[in-house]
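Visitor: Could you take me through one helix of this model at close range? I would like to see how its two sides are arranged and what lies around them.

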Amino acid sequence: MRIVILGAGYVANAYARAVNFLGYHPLLLSRSWIDYTRTDPLRFFMVQFKPDLVINAAGYTGRSVDDCQSNKTECYQANVVVPRQVALLCAELKVKLLHVSSGCLFNGEGPFTEEDTPNFLTNFYQQCKHSAEQDILASGVSAWIIRLRMPFDCFNHPRNWLNKLCAYPKILDGLNSISFMGPTAMRSFQLV
């Protein structure tokens, strides 16, 4: 199976490790190599490489999702335009898509299922992620959408929820869900 992973950050690398562990050799396609917002270069690459699966682990949150409020253009481009274009391109080329979205679309008062409608669209980031999911589902692509919530693992990284917790002066008490990246990446890849 030929696999392309869009992204080169924390989540993309978790998928790369999981896929490698399962015996595949994915190609990580970084934004510094190709502008995902431009369809023609991405189409040219995909026609040449002929992937069976694209894992879209690219996106924008800034330091936290709060940065999306002040960087709306970058947030919209990375979290709506790119997933939409990737989904349309994958549909056109008959390539499967695994899209990484956000569990922040729910208010945390679950439990929730995959069929539940997002109920927490109070900020720009959440609205963008929800819009992307709707666009992907409408594109006709064979797609799986995975919603991560506060991802963590054993690797020291600024995006690791455990690293973030260590930096907070105060931690609020309450229930929430989290995503253990190794098993999440491996199991979601195995759904495809």
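Guide: Let's look at helix H2, residues 39-49, where Leu-42, Phe-45, Met-46 and Phe-49 are buried. Buried here means under 20% relative accessible area, exposed means over 50%, and partly exposed is in between, with a 1.4 Å probe and protein chains only. The helix itself is a DSSP run (H or I, at least four residues), while a strand is a run of E with at least two, both numbered from the N terminus. This is a predicted model, so local features need pLDDT of at least 70 and side-chain atom pairs count only at pLDDT 80 or more, while totals for chains, interfaces and linings use all residues. Residues are numbered from 1 along each chain as its sequence is written, and side-chain values use heavy atoms, with hydrogens and water left out.

Those four buried residues sit on the same side of H2 because they cover an arc of only 95 degrees around the axis, taken from the directions from the helix axis to the C-beta atoms. Turn to the other side of H2 and you find Asp-40, Phe-44 and Gln-48 exposed. What do the buried residues of H2 pack against? Their partners are strand S1 (3-6), strand S2 (27-29), strand S3 (53-56) and helix H4 (72-93), where contact means heavy atoms within 4.5 Å. Just after H2 comes Lys-50, with a positive phi near 55 degrees.
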